[in-house]
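Let's take a walk through this structure together. Have the sequence and the 3D view at hand as you read.

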There are 2 protein chains.
Amino acid sequence: MKIIKLAKFKLDKNYTKIMKRSGEQYSGLFDTVKNIFNEVCQRGDIAVKEYTKQFDSVDLKNFKVSKQEIQEAYTKVDANYVKALEQSINNITLVCKQQIRDIKNTVIETQPGVRVWQKWNPIEKVGLYVPGGRALYPSSVLMNAIPAKVAGCKQISLTTPPQKNGNIAPEILVAADRLGINKIFKIGGAQAIASLVYGTETVPKVYKIVGPGNAYVATAKLYGLMSGEISIDSPAGPSEVFIIADETADPKFIAADLMADAEHGPDGASVLISTSKKLIEKVVEEIENKAKQFKTQNNITNSIENYGLFAIAKSTDEAIAFANEYAPEHIQIMTKNALIVADKIYNAGSVFVGNYTCKSAGDYASGANHVLPTGGSAKTFSGLSVFDFMKRIEYQQCSKQGLDRLRNTINTFADVEGLPAHKYSCGVRFNNNKTYEKFS
Amino acid sequence: MKIIKLAKFKLDKNYTKIMKRSGEQYSGLFDTVKNIFNEVCQRGDIAVKEYTKQFDSVDLKNFKVSKQEIQEAYTKVDANYVKALEQSINNITLVCKQQIRDIKNTVIETQPGVRVWQKWNPIEKVGLYVPGGRALYPSSVLMNAIPAKVAGCKQISLTTPPQKNGNIAPEILVAADRLGINKIFKIGGAQAIASLVYGTETVPKVYKIVGPGNAYVATAKLYGLMSGEISIDSPAGPSEVFIIADETADPKFIAADLMADAEHGPDGASVLISTSKKLIEKVVEEIENKAKQFKTQNNITNSIENYGLFAIAKSTDEAIAFANEYAPEHIQIMTKNALIVADKIYNAGSVFVGNYTCKSAGDYASGANHVLPTGGSAKTFSGLSVFDFMKRIEYQQCSKQGLDRLRNTINTFADVEGLPAHKYSCGVRFNNNKTYEKFS
């Protein structure tokens, strides 16, 4: 863990690697996915069954999780877990409801007699993909499903690959059940996405699909997008934390937060920028001492080795400028006047202000969303919110006098663009006698 | 032009064709586009020059439009055109500014000592693609660029294919200049998108690309999205209008509006649903009489033949339910109590209320945006707005007491998800003595 000067980082051999990190890539899997889509579109459940046998090595009679399975799941989870779910659900719901309240739909009169306004409506039917495999992240179920629920989506489906024994982790089932999701399907991979896109005998069609997945799932979501059938969420990559700290910060807190991010996997990125060289040295020492305490030690060591950065900034402003260039998923501000520093961040997913706002608070409990843009894509994408499950309709209304005020503009554009019936459709409203011959 | 009963439309042989219409499709062009991206990424302007010679048959010394070219453009356009631009720009700007004012960023306390809020920031650098070819749509320049400008994007670039003589239509140049866009590049196709994605010696990199284009452009935008470098706008297809009218409406207005939409091209869709058979009959007669007056007659006839629908509804509610299932790009309401009917539409791009709100008013002049979801994708996508050029950052701040209230939830989730450093990063804040050994 070497410590460098931020001003010299551009010349560092790892500069490009660290700045680019790992984004989504063109997988070349489109032909495979196209085939799966065609099969699921044409043969529905039968095709899904075959793929599940092939890819998940399990022969399922019924994909849909039964009420009994959900009841059983409750007997397998700890009472503390249900309690934790309740607090997390409560806080995320409060934030989402505030997001809704934060939208106004004001009517504006652009000309006398010409009114324009907007209205946000929920997307009626949405699907949530939950990955299977080693990692179990029920918190992601909450983060994806609660905004959809608060947005007012009428139908929320969840698909997730079955385990080899044909079951789904009880923590996932209980989380979904607490949110009132009763359409849970044991389907994974591209066949899960295809079944949500087209609908099958068992799985109802949706209009939007969210949630992370492997390359097959990511390609399938893009394929669905291209088919014009669905929209999808933003791409998501490995976890990242970026910390700006000065000499007032506690190196133990910072070391803990960097390790908490790094433990997700070897591709995670952990960055510490500080005006205090002494602080960075203490943090590095602390990580070297403490990492071995965790069963996730290998992830911590490897991700810091691969994408870690410890750099000294001449000023907090230099650190802020670099943060906006790096565009981190999570950024923690542990400086004097942390709120003022935080307010200067404009490229990031989520900003954690002050010494007691550890990333794990936002991961699980504060009410903020943890589905956030990674790999620098915070320059152009936002974290998940109710807005991802709603769509804006624009409204407009002209009086006859209002339209008259727009008439010259309409006529001129219609002429330039060579669209005579556009001109006529305005003009006919001012003269019902056969004056249309003038429009050509 | 046959007239059917809406209740029987599901059994009609054209049902699937009309409901699906033409969405974007997997083009199979990814390998071609990948190659163009690699060349432009590695060789910059030289590669762009080669592709421009190959695809546009023109050998350009300089891609960037000069100040002199813009000055000359003003001498080639009509004074009325500049006046029309002014009104259109003014009205679109007013609507976009209202969209910004309609966002609040309220701080919410989810638990005592736990605060969450949001902030919307502009995407710093965006690119707008303007198609070349036969059709000339300067109004689309306004519709794409004004929301970006009002959102506060610092850098707005425009690329468009050069004509065979190496020029760009003066109407496009004047429209861009009136918006203060001074980065205009004579580049088309996938090479234009690649140059915006990576940047070249001449073209600066951007973080988002919007604007319609052919299959190469659409595939290139998706390829850029997959590379993690950019975000893109929603897919766009042929124009559509859907009219709900009752016996109070004027058949001449309706016929004109259907023709105005149909004249865009043979793939456009024009739908009239009415409770009055007599009204529909008059509209059909009117179209049959009038279409031949327009130089765009072939488009009108063909698109109505291909995707037109004239159907009698038993009630306005039946018509509304069908509109929400069809999810039209544009919907016009010409009924009694039009505002009440309009308010029941939840799947549409833009709603035109009343007899004097013709579609061409929204296309050019009212201030509403005309970049709208087509092919039924209004079920999941919105029309273009300032929100497409902004991104939300979430903020959170915990006091020590606030974090303490979240502690059990954090610990429980960290245990379930197998992330011990997550637990530790919270716990360390309550005990600086070496209690980390407890976290594993």
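The paragraphs below go from the pair of chains to the domains, and then to sheets and helices.

Please keep in mind that this is a predicted model. A good place to start is how the two chains relate to each other. In general, two copies of a chain are related by a rotation about an axis and a shift along it. Here, a turn of 180 degrees with a shift of 0.0 Å along the axis lays chain A on chain B, with an RMSD of 0.0 Å. The two copies are therefore related as by a two-fold rotation axis. If you would like to find that axis in your viewer, look for A:I103: of the residues of chain A, A:I103 comes closest to the rotation axis, with its C-alpha at 2.6 Å.

Now turn to the place where the chains meet. The contact involves 120 residues of chain A and 120 residues of chain B. On the chain A side, helix α16 (residues 400–416) gives the most, with 10 residues. The residues on that side of chain A comprise 56 nonpolar, 42 polar and 22 charged. Because 100% of the interface residues of chain A are also interface residues in chain B, the copies meet through the same surface.

Next, consider chain A by itself. Its domain assignment gives domain 1 (3–23 + 237–367), domain 2 (30–108 + 121–232) and domain 3 (399–438). Taken over C-alpha atoms, the centres of domain 1 and domain 2 of chain A are 32 Å apart. The contact between these domains takes 5 residues from domain 1 of chain A and 7 residues from domain 2 of chain A. On the domain 1 side, the residues divide into 2 nonpolar, 2 polar and 1 charged.

Back to the two chains, and to a sheet that they share. Strands of a sheet pair through backbone hydrogen bonds, either parallel or antiparallel. An open sheet of 9 strands runs in the order β2(A)-β3(A)-β14(A)-β13(B)-β12(B)-β9(B)-β10(B)-β11(B)-β1(B), with mixed pairing. Its edge strands are β2 (108–111) of chain A and β1 (3–5) of chain B, each pairing on one side only. From one strand to the next, the twist averages 25 degrees. At the β2(A) edge, 3 bridges join β2(A) to strand β3 (residues 114–122) of chain A in the antiparallel sense, and A:I108 stands opposite A:V116 in β3(A).

Strands also pair across the chains in the other direction: strand β13 (residues 350–353) of chain A runs parallel to strand β14 (residues 390–398) of chain B over 4 bridges. In this pairing, A:S350 has B:E394 as its bridge partner in β14(B).

Chain B also has an open sheet of 5 strands, in the order β6-β5-β4-β7-β8, with parallel pairing. At its edges stand β6 (183–185) and β8 (231–232) of chain B, each with a single partner strand, so one side of each is left without a neighbour in the sheet. Strand β5 (residues 155–159) of chain B is joined to β6(B) by 3 bridges, and B:S157 stands opposite B:K183 in β6(B).

Finally, look at a pair of helices in chain B. Helix α5 (residues 79–101) and helix α6 (residues 138–151) of chain B pack at an angle of about 35 degrees, their axes 9 Å apart. The crossing of α5(B) past α6(B) is right-handed. Among the residues that meet are B:I89, B:I92 and B:C96 in α5(B), and B:L142, B:M143 and B:I146 in α6(B). The contact as a whole comprises 9 nonpolar, 3 polar and 1 charged residues.

Definitions and conventions
Residues are numbered from 1 along each chain as its sequence is written. Chains are lettered from A and ligands numbered from 1 in the order in which they are written. This is a predicted model: local features need pLDDT of at least 70, side-chain atom pairs count only at pLDDT 80 or more; totals for chains, interfaces and linings use all residues. Two residues are in contact if their C-beta atoms, placed from the backbone, lie within 7 Å. Helices (H or I, at least four residues) and strands (E, at least two) are DSSP runs, numbered from the N terminus. Ala, Val, Leu, Ile, Met, Phe, Trp, Tyr, Cys and Pro count as nonpolar, Asp, Glu, Lys and Arg as charged, and the others, Gly among them, as polar. Two strands pair if DSSP finds at least two bridges between them. Axes are lines fitted to C-alpha atoms, for helices over the stretch in contact, and angles run from 0 to 180 degrees between N-to-C directions. A crossing is left-handed if the near helix is turned anticlockwise from the far one by less than a right angle, and right-handed if clockwise. Copies are superposed by least squares on the C-alpha atoms of residues with pLDDT of at least 70 in both. Domain bounds come from an automatic or database domain assignment.
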